[in-house]
Amino acid sequence: MFITKKHLSRRTVLRGMGAAIALPFLESMVPAQTRLERTEARPKSRLSCIEMVHGAAGSTVEGGEKHYWSPAKEGADFEMSESLKPLDGLRDYITVISHTDLGPANASAPAEVGGDHFRSSATFLTAAHAKMTEGADIQLATSIDQLYAQRFGQDTPLPSIQLSIEATDGAGACDYGYSCVYSDTISWASPTSPLPMTRDPRQVFESLFGDGGTSAQRATRLKEKRSILDKVARDVNRLGKDLSPSDRNRLASYLEDVREIERRIQRIEAYNSGEDARELPTAPLGVPDSFEEHVMLMFDLQVLAFQAGITRVSTFKMSRDVCQRVYPESGVKMSFHSASHHGETGEKLAEFAKLNQYHVSKVAYFLEKLKSTPDGDGNLLDHSLVLYGSPMGDSNVHNHIRVPIFLAGHANGNVKGNLHLVAADGTPMANVLLTVLHKIGMPDESIGDSTGVFAI
């Protein structure tokens with residue numbers, strides 16, 4: 001019997017005026033009698049890099065002894081540490097690599113001493129030392145997310161997305177003789193090309209699902225609170241007639257997720273347009289005052305971007321150095337930067353560990369969403385590699401020793417998970433970055449001060 005090869009392209013996009021809705025993976029995208037891995041629809045590894053500033057309580061001497069960050073047992077089936085407890089249900093996907101150092105973030109000359117807060121973020125994904133300058137002559141290196149995007153992100157609508165929570169200075173000089181751009185972003189397209197981070201969920205949503213249109217058309221749609229999906233409703237109905245029941249259900253679920261995120265943004269914008277005073281008066285309308293609401297919304301947008309193949313690469317800056325935000329849901333009343341200067345006193349250190357655990361819990365939310373999202377022959381977490389950590393170790397003394405870091409996901413079967421490795425003293429964190437590159441198909445021989453890779 002002749003089996004037709006006619007199928008739905010993985011690059012199918014539903015278009016309407018001002019809308020371009022990419023589709024999730026559907027069974028209809030696989031030609032009949034063809035193995036998934038031999039088609040354009042085969043899942044490709046997604047890379048998500050997430051930075052949290054100010055180090056961790058577990059990077060101190062006392063915090064290390066109490067295993068606030070690094071688990072007590074090495075190898076498989078380790079017990080999650082205090083700060084990593086929110087990841088316990090995701091154990092099979094988690095790889096903790098302890099005791100690596102980010103040497104390039106240190107001062108390399110007397111004039112640079114004290115400037116750690118203003119060069120740390122620049123080093124996180126580059127393992128390169130930032131040139132001390134307040135001018136336009138910035139110099140760093142290409143970050144790992146952009147190395148991957150430049151090679152494997154050119155066939156997606158967006159090569160990469162860069163997101164943030166806190167406001168950035170945008171230009172000019174910060175303290176200790178450093179340009180603000182070094183602490184504003186973690187993504188560098190080249191040694192002299194930092195990429196801006198997007199803070200506004202509305203702007204992210206429009207970049208993922210909008211399709212131009214005039215500013216007046218977009219403003220009218222927003223004012224009337226119409227959905228971007230209204231523009232493609234006819235195409236959705238037409239497409240649904242040719243799909244299997246399971247594909248129709250998956251498409252409907254995906255579109256409802258898109259709509260629900262759109263509703264959440266609309267509710268935030270409506271609330272922020274009211275007469276009540278805002279906690280963040282200078283923030284865009286789409287930015288909620290609540291950190292928790294903001295960060296979960298940004299994670300949900302990343303899941304949709306990965307699910308629909310809009311991009312395979314995201315970076316997310318969850319805070320900014322010297323941030324004084326208070327996180328009420330954490331149970332810690334002290335502001336973030338103040339809590340990070342704990343003086344290595346027991347009670348204050350324990351409070352800072354609670355903050356670390358709270359931040360990790362938000363990442364656990366993201367990982368659970370990836371795990372619950374079907375993708376080809378598995379789920380998004382099966383086909384992703386997520387890096388989370390901080391470029392600072394003990395924030396009380398601004399060092400970059402024993403920086404907190406973990407990986408999540410299987411990267412299409414290339415990372416085992418359920419593993420805790422303890423590096424030898426002095427091992428560069430760049431070895432983690434190089435390992436990540438190798439596991440997502442990048443053959444780079446080195447990055448920054450790397451000396452090798454980890455067996456994960």
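Okay, let's start with a strand pair: β5 and β9, the latter covering residues 313–317, run parallel to each other and are joined by four bridges. Pairing here means that DSSP finds at least two bridges between the strands. Strands are DSSP runs of E with at least two residues, helices are runs of H or I with at least four, and both are numbered from the N terminus.

Quick housekeeping. This is a predicted model, where local features need pLDDT of at least 70 and side-chain atom pairs count only at pLDDT 80 or more, while totals for chains, interfaces and linings use all residues. Residues are numbered from 1 along each chain as its sequence is written, and side-chain values use heavy atoms, with hydrogens and water left out.

Back to β5, residues 161–164. Ile161 and Leu163 point one way, Gln162 and Ser164 point the other way, and all of them are buried. Buried is under 20% relative accessible area, exposed is over 50%, and partly exposed is in between, with a 1.4 Å probe and protein chains only. In a regular strand, side chains alternate between the two faces of the sheet. Gln162 has Thr315 of β9 as its bridge partner.

Now the cores. A nonpolar core is a set of buried Ala, Val, Leu, Ile, Met, Phe, Trp, Tyr and Cys residues joined through side-chain atoms within 4.5 Å. The largest one has 79 residues, and Leu87, Phe209, Met318, Leu367 and Phe406 have the most contacts inside it. Helix α11, residues 346–371, brings the largest share of this core, 11 residues. There's also a second, separate core of 36 residues, with Leu125, Ala149, Ala423 and Leu434 among them.

What does Phe209 touch, beyond residues up to four places away in sequence? Gly18, Ala19, Ala20, Ile21, Ile228, Tyr254, Val258, Leu304 and Ile310. Contact means heavy atoms within 4.5 Å.

Next, Leu387, which sits in β12, residues 384–389. Why does Leu387 count as buried? Because its relative accessibility is 0%. Outside its neighbours within four places in sequence, Leu387 is in contact with a list of residues including Ser48, Cys49, Ile50, Phe124, Leu125, Phe406 and Val436.

On to the empty space. Everything is on a 1 Å grid over the protein atoms alone: a cavity is a set of points where a 1.4 Å probe fits but cannot get out, a pocket is an open set with protein on both sides within 12 Å along at least five of seven lines, and lining residues have an atom within 4 Å of a point. Points are joined across faces, edges and corners, and a volume is the space filled by probe spheres set on them.

The second largest pocket is about 240 Å³. It has 15 lining residues, and Asp257, Leu304, Gln307, Lys369 and Thr373 are the closest to its centre. α8 (245–272) gives the most to that lining, seven residues. By class, the lining splits into five nonpolar, four polar and six charged. Nonpolar is Ala, Val, Leu, Ile, Met, Phe, Trp, Tyr, Cys and Pro; charged is Asp, Glu, Lys and Arg; the others, Gly among them, are polar.

Last, there are two cavities of 30 Å³ or more. The largest holds about 60 Å³, with a lining that includes Trp69, His99 and Arg402. The second largest is about 50 Å³, and its lining has six nonpolar, five polar and no charged residues. α11 and β12 each supply at least two of them.
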